Amino acid sequence: MNNLVYNEMLKIVRKKRLFVIAAIVAVLVALFTYAQFKQVKELQERLGTSDWRTQLQQQIIDAQNRLNSSSISEEWRKYLQIRLQQQQYYLEHDINPSAPGAPTFMRMFIENAIDLFLPLLVMVVAADLVSSEASGGTIKLLLTRPVKRGTILLSKYIALLLAISFILLTVALLSYLISGIVFGYHGWRLPLLTGFTINGEDLNTEGVHLLPQWKYVLIELGLAWYVAIVAGTLTFMLSVLMRSTAAVMGIMLAALISGAILSNMVSSWESAKYLFMVNLRLTDYISGTAPPIDGMTLGFSMTVLAVWGLLALAIAFIVFTKRDVY
Amino acid sequence: MRRGIVGIITIVSALAGILWLGGLAMAIQDQFFAAKAPPAGTAKYPKEEKTDNRGIYIVALGDSLTRGTGDESGKGYVGYMVDQLRQKTAKPIRVTNLAIKGQRSAGLLQQLGQAEIERQLKLADIIVMTIGGNDLFQGGEALKLAPKQIEQAKASYLRNLDRIFQTIRRINKDAVVFYIGLYNPFSDLGDAKQTSAIVRQWNFASAETAARYSNIIAVPTFDLFALHVNDYLYSDHFHPNKEGYKRIGERVASLITFTEGDEK
């Protein structure tokens, strides 16, 4: 088994995908670091101060003004309302939710990457894991070895899990190291708030508690890993089902992008919450952002994702062990 | 060599995987099973005193007039006022605009109770404010209100205004407060006589309230809009346009003087 997994890792490394992914992440992080830096500068210039309390207060006032204009969509109003109450809570407790520093950047990067960027990176590795063997014909060589088919697929899956862990490590390290050049490497001990629950348009602060930022970031990375595994497993299933890597990528891409779009407009279609792609933003529950559909919670989203992931895994194994290869 | 790299990547990945699993476990532990320990209240909010005496800090409070609704450049009278002041003084001027569209006197009073607003006010050298427009006009509906209702609105507004001034003076006893009065946006309509009378009385009562406190100055705008009101109003016939805001800004700026050494 060890040898099989090693063999699969060798295949993944030899395709150089992991390095391409690292390069993509490095470029994007550099880009976002610069954008963030510009934004901080602009805000400082506009308000004439670098005092975060003044800046946060101004954001609150801006949001209140936006809420008072009549031409504002219901979803956006709710989002603003929740964020406003949260910012007010942060302010009242004298906690800066966006103190500059590499850990803060890292946290925001993960929160923004979890539903699209990260699954895309995972997809790059997972999409051709099985399908390329089928289309290239090497699957026959693989299956003639005196090992059960299930074991072969399992070794591939374990290699995928390892690759996902590696990708997440790349994202974490690069976002920390690169953004730190600009923002500094401090801020692991900063306190942050979590445990907000959302009831309709109101923010419930009953369960709120403090977390040091290092723990907060680690929690978010753990959730991002979970999401990446589910996305990877779904891609893996498609890769078993289809011979064409392009088709696998196309379907996953369509699903992920539709998720990003749907999240903005499904609040009235309640049963959409059972789709995996609107449940990807697990970190939103940690930070206390309004979910796309009322009543969605962290437990709910994790369960939905787990069911989709397990089903996909089961289908992949059944099809792979039963299928005729010729 | 190749074997070595792949081996290292595999081991690093496995270790990373364990770390992320730990993070996931922590997430579940924290979000589902953590003991609820809400952070302490607002008690330790910093109450710093004003230290920076080099610059001039202006805080703007109130409703859409202070926000600048209707001015396409978004400056509002606060922006034009600062433009004027920058010509008069070499000191750096910093502005924080805390005005909220549609705010009424009760809302402003509530806003003043927030810790951060209090801190901002404490640091202020000059406070400019507009309030009452929404109490009186209620979105342009004042014309239809019966005199009795207007009297009621006025009474509760004056009570709030008094407490607003009281709060500001308690927080910051030195800053000069410019309370900007109302104009009559309906002065070109048929019942102009009536509405103008109402606005004049409203302004008079507000100025009387302001006069009870030191350094609170009621700045009239009624006269600025008395003639050719439509030239100075935005297309909603309620808020000033760019020209209207410019006039208010210039008037407030003309009231602010600087000590000898600061003048340009």
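Trainee: How many residues does the contact take from chain B and from chain A?

Mentor: Contact means heavy atoms within 4.5 Å. By that rule, 50 residues of chain B and 56 residues of chain A take part. Keep in mind that this is a predicted model, where local features need pLDDT of at least 70, side-chain atom pairs count only at pLDDT 80 or more, and totals for chains, interfaces and linings use all residues. Residues are numbered from 1 along each chain as its sequence is written, chains are lettered from A and ligands numbered from 1 in the order in which they are written, and side-chain values use heavy atoms, leaving out hydrogens and water.

Trainee: What is the area buried between chain B and chain A?

Mentor: Buried area is the accessible area (1.4 Å probe) that two parts lose on being put together, summed over both. Here that comes to about 4,400 Å², with carbon and sulfur atoms giving 67%.

Trainee: How many salt bridges does the rule find across this interface?

Mentor: A salt bridge is a side-chain nitrogen of Lys or Arg within 4 Å of a carboxyl oxygen of Asp or Glu. The rule finds two between chain B and chain A. R119(B) forms a salt bridge with D51(A), and their closest N and O atoms are 2.4 Å apart.

Trainee: Which elements of chain B supply at least two residues each to the side that touches chain A?

Mentor: Helices (H or I, at least four residues) and strands (E, at least two) are DSSP runs, numbered from the N terminus. In chain B, the elements are α1 (2-33), β2 (93-97) and α5 (115-123). The most comes from α1(B), with 22 residues.

Trainee: Now a single residue: is Y157(B) buried or exposed?

Mentor: Buried means under 20% relative accessible area, exposed over 50%, and partly exposed in between (1.4 Å probe, protein chains only). Y157(B) has a relative accessible area of 0%, so Y157(B) is buried. Y157(B) sits in helix α7 (residues 147-171) of chain B. Leaving aside residues up to four places away in sequence, Y157(B) touches several others, including I131(B), Y179(B) and W202(B).

Trainee: And which residues form the nonpolar patch on the surface?

Mentor: Patches are made of residues with over 30% relative accessible area and no salt bridge; like charges are joined within 9 Å, nonpolar side chains (Val, Leu, Ile, Met, Phe, Trp, Tyr) within 5 Å. The nonpolar patch is formed by Y34(A), F37(A), L173(A), L177(A), I181(A), V182(A) and Y185(A). Its largest share, four residues, comes from α9(A). V182(A), in helix α9 of chain A, is partly exposed at 43% relative accessible area.

Terms used. Areas by Shrake-Rupley, 256 points an atom, 1.4 Å probe, with all protein chains shown as cover.
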